[in-house]
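User: Please take a close look at one part of this model, and then set it beside the rest of the fold. Keep the account plain and give the cut-offs as you go.

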Amino acid sequence: METLTLTERQIKIIEAAGKIITNAGISGLTIKNLSKEMEFSEAAIYRHFKSKEEIIISMLEMLAEQMDNSFSKIDINLSPEDRLKQLFASQFEYFKKHSFFVVAVFSDGLLEESKQINEQIFSIMQVKMKHLVPIIMAGQQTGVFTSKISTEELVHIIMGAFRLQMYKWRVSHFELDIDRIGNNLMESLLTIIKK
């Protein structure tokens, strides 16, 4: 994965955009609102990003890079079950600290924004699959996970369940205990996929 190079100011703009998205949704993210949040002119925003779309794309690229880095640190010597648990624990932990990513990825209307945004959301899914597939395959090869369902389908089941959980957390305005529901989800998924 290509390393994203953002200036400190661009990161601050993305974080401010994230705050606006969390409070007002994607429709609330305008360059005017962003300049108010940042307390500098709209022209200053445009010196760092050409458009709202570019800010959202950079935000999604940041998320994809963080996920790839975080998932790459999982110890491959752990059992497939423990690797799977660590992968999701790291994801929940990151989203707790940066909930605006959840809002951005699960915002109504975001997918209609642009082809490039769609491609970036797809790339986030690809990053997750890149790390999930080898874990599931290893679990199937060692007889820990069921082989009655293909690796690809197991990955879809896991990712779909995770996506639904994140969506529920977002629509609850982050009031659900994500650690508890995340652990419950992981245990339920393991019950389903283990032999």
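Analyst:
**Helix α1 and its surroundings**

Helix α1 bends by about 95° at Thr22, the bend being the angle between axes fitted to the seven residues ending there and the seven starting there. The model is predicted: local features need pLDDT of at least 70 and side-chain atom pairs count only at pLDDT 80 or more, while totals for chains, interfaces and linings use all residues. Residues are numbered from 1 along each chain as its sequence is written, and side-chain values use heavy atoms, with hydrogens and water left out.

The end-to-end span of α1 (residues 8-28) is only 23 Å between its end C-alpha atoms, where a straight helix of 21 residues would reach 30 Å at 1.5 Å a residue. Expected spans are taken as 1.5 Å times one less than the number of residues, and helices are DSSP runs of H or I with at least four residues, numbered from the N terminus. Helix α5 serves as a reference: its 18 residues should span 26 Å, and its end C-alpha atoms are 26 Å apart, which agrees.

The buried residues of α1 are Gln10, Ile13, Ile14, Ala16, Ala17, Gly18, Ile20, Ile21, Ile26 and Gly28. Buried means under 20% relative accessible area, exposed means over 50%, and partly exposed lies in between (1.4 Å probe, protein chains only). These buried positions pack against α2 (31-38), α3 (42-48), α4 (52-72) and α6 (99-105), contact being heavy atoms within 4.5 Å.

A salt bridge also links α1 to α2: Glu37 pairs with Lys19, with the closest N and O atoms 3.1 Å apart. Glu37 lies in α2 and Lys19 in α1, so this pair ties together parts that are 18 residues apart in sequence. Both ends are partly exposed, Glu37 at 32% relative accessible area and Lys19 at 46%. The term salt bridge stands for a side-chain nitrogen of Lys or Arg within 4 Å of a carboxyl oxygen of Asp or Glu.

The structure holds eight salt bridges. One of them joins Asp179 and Lys96, with closest N and O atoms 2.8 Å apart. Asp179 is in α9 (residues 178-193) and Lys96 is in α5 (residues 80-97), so the pair ties together parts that are 83 residues apart in sequence. Asp179 is partly exposed at 36%, as is Lys96 at 34%.

Another salt bridge lies within α7 (residues 115-141), where Glu119 and Lys115 are four residues apart and separated by about one helical turn. Their closest N and O atoms are 3.6 Å apart. Glu119 counts as partly exposed at 44%, whereas Lys115 is exposed at 61%. Glu81, Lys85, Glu187 and Lys194 are joined into one network by salt bridges that share partners.

Helix α5, the reference for span, has its own buried set: Pro80, Glu81, Arg83, Leu84, Leu87, Phe88, Ser90, Gln91, Phe92, Tyr94 and Phe95. These residues pack against α4, α6, α7, α8 and α9. Helix α4 is therefore listed as a packing partner for the buried residues of α1 and for those of α5, and α6 likewise appears for α1 and for α5.

Key. Helices (H or I, at least four residues) and strands (E, at least two) are DSSP runs, numbered from the N terminus.
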